[in-house]
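Trainee: Could you take me through one small part of this model, slowly and in plain words?

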Amino acid sequence: MAPSVSRRHTPAKYAKELIAAIIAIRQQKQIPNFERISRYLQRNIDITPRKIKEHLNNAVSDGLIVEYTAIGFKGQRTGLEQEGYRVPQTGEVDVVNDGHDWYCSECHSPGEVFECCECFRVYHQGCTKEDTSGEAFTCSICRDNEAGRKKNKMKRKMLNTLLSYTVLRLREKTKELHKISTKLNADDFKRFVYRKMDLNRMEQKVQSSRYKCLEEFLADAKVILHNCTLVFGDDMNGMAGLASIMVKDCKYEIDEIELCPNCYYMSNAKPEDWFSQPCNPPHDIVFAKQKGYSYWPAKVVRDLGGKFDVRFFGGWHQRAVIPAEYIKPITTDLKSMAIKKTSGFSKAMKELARYQEILEEREQSAEANGERPESEEEEEIDNEEEVEEEDSNYEDNIEDVDDEEMKDSKSEEMDEKGNSSLAEEEHIKKRPFKKTPKRRESSLSQSQSKKTPKRFKYSAEDEDNSDFKQEDEFDNRQVTSTSVDRSANTKKRKSSKSTSHDESYTVTSSVDKVSNINLAVTVSVACQTTALKTETESVHTQTDGISTELLEDKIGLSRLSSSPHQSDDTILEERMSSAMASLTKRLEEKFEEDKALALKQQSQQLEEDFGKDKQQAVERTIATMKLEVEKARKQGEDKAKEQYMEEMKKLAAKHKDTISQTKKKQWCQYCEEEAMYHCCWNTSYCSIKCQQEHWHKEHKRFCRRKRNETNSKNDSDCKNETTRK
């Protein structure tokens, strides 16, 4: 049984939370001990202290966090030792990097996993359908890749041409996945991501023709989903959701390529009359009826068992799934179907007629040419396999090229054109002789001549091998994107020329390779120098990189080699060394010019960046001052409002007291001054004068005090008379 190992113990989600807590606590100039980390996490996420302690210990064992002993420097713990945690610096902790990922590629979680013996992926026992009881464990993705390489019948260049359209469609839909790793999350990528992958890297691999089957492309898309889940979390509303949608779109595009590579290429390249070009093998042509429309000519893309997936001629070339009862043969009479001959239907019928015409021409050419012998086909297949093996040994080691390497590769290409004829002889001598098929010779002559787009024509010799001549059209077409520079692949194309049987036999010229040429064979050198003279003339008209003096040196070298009387090895070596010295001088001068230009551009860029940073700093300072002024104004308004309310409360209380005191006083009935003398129950006066004036004026008629005194006097008189009697 394959051994299971524990790569890591802490989930990436909680490890990121712990690291964020430690960084936040250290920014507050405090020691990040367990208590502070626990309080911080409990405020942000729903987790218990026991779980926090468990994840913290696991993170320390995984090397994501370092535990140390700190001495308190403020508060009650000043001078006391306490356990603290910090984020390790670069190179401080040895990260386990033995060729396998740290997290399960299916559920993106740590734990006991099984390591694949063919790739970097690991899986839990419950996350994989493959058998883990054997001595070595192979994951399902590696098995699918191996099966895809065996069943793939397309050339690698044609396959990567189709995948280039797929990459462009994915890039248009998900712009956030072009480059996932940025300066903000670079630390998280170093801690949790084992194999970096994004759409830009996939596009580079496509342009360098590194994919051997469709399953490898889909596996890289799944790596993007794995990385997004680890770094950005499993929230389906974020980057993980975008990556999941991207993987679904990728599966759909790959299914379309497997269904019919010709249709996929034509629908994306869209040459002239692209829908009228028959596929290999051609699709069935029928009349299909969609609900609400009349019968329409269409191609049957696939049979779904009782239903048919069709694509209609004319217009937008739409697709639909039509039941079998609404499908009729193409030979059905139009009158029996009661079709209205509209302009759209007429256009569809013209396209159908063009399709049938091209198909008939190909059938006639197939009958005229006949089939190739089986031995020739087998020899061609063997040659193709050898070419793929040689390309794979080189392409598997391709890395990203720097700007300086691109410049060097351009200068080396200019140099190799001058020495290609001499190097070709050495390459052919070392290379085992094999008969090149006719088809290879034709593609070689086409690659050397000026390439022009040509129409797709059917040939019966391609029917058995299923590698139709349309592949030449794939080779002539290139799909480019603004995100990947074409110059980044210059060095790769140069190196592949020496190993590929499909390209011309040219190798990179250098001092070592030229000096090692066997100069004793004067006849072959004379033949090759004649070709060199012709090539120098063509290079002089096409490029500006080679100077006139270098061409004269090469022509003089050819004359020297062609003359039987001047075949001295010493003279030849001197002329070659002088030519190489002149070339080296030219290259150094060009390098200095490029270096000065690059420094100038870099200084200008730095000045622009400094100006932008300065402007941004001024804007940030102004914005901060505005915020501070607004905050001070608001605080002043709040303080003034509070003072105003307090004054109003005091005035209201004083007013109430004044009213109360006023109500308690008596006032003069005549002049309304404060009264001193009381007359009757509701009448008072401030002085005797006011009492007299008011008495004579009106009060004597209403004064109740007078009546009471008169009644009391009468009562007393009556009592006196009674006593007398």
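Trainee: Which residues in α7 meet which residues in α8?

Mentor: Sure thing! This is a predicted model, where local features need pLDDT of at least 70, side-chain atom pairs count only at pLDDT 80 or more, and totals for chains, interfaces and linings use all residues. Residues are numbered from 1 along each chain as its sequence is written, and side-chain values use heavy atoms, leaving out hydrogens and water.

On the α7 side you'll find Leu199, Met202, Lys205 and Val206, and they meet Phe217, Asp220, Ala221 and Ile224 of α8 (contact means heavy atoms within 4.5 Å). Sorted by class, that contact has six nonpolar, no polar and two charged residues (Ala, Val, Leu, Ile, Met, Phe, Trp, Tyr, Cys and Pro are nonpolar, Asp, Glu, Lys and Arg charged, the others, Gly among them, polar).

Helix α7 spans residues 199–207, and its axis comes within 10 Å of the α8 axis, crossing at roughly 160 degrees. The two helices are therefore roughly antiparallel (an angle over 145 degrees), and the crossing of α7 and α8 is right-handed.

Now follow α8, residues 214–232, to α9, residues 239–259: this pair packs at about 175 degrees, with axes 8 Å apart. So α8 and α9 are roughly antiparallel to each other too. Their contact has 16 nonpolar, two polar and four charged residues. Among them, Phe217, Ala221 and Ile224 of α8 take part in the contact with α9, and Phe217, Ala221 and Ile224 also meet α7. On the α9 side, the residues include Met239, Val247, Cys250 and Ile254.

Notes. Axes are lines fitted to C-alpha atoms, for helices over the stretch in contact, and angles run from 0 to 180 degrees between N-to-C directions. Helices (H or I, at least four residues) and strands (E, at least two) are DSSP runs, numbered from the N terminus. Angles under 35 degrees count as roughly parallel, over 145 as roughly antiparallel, 65 to 115 as roughly perpendicular and the rest as oblique. A crossing is left-handed if the near helix is turned anticlockwise from the far one by less than a right angle, and right-handed if clockwise.
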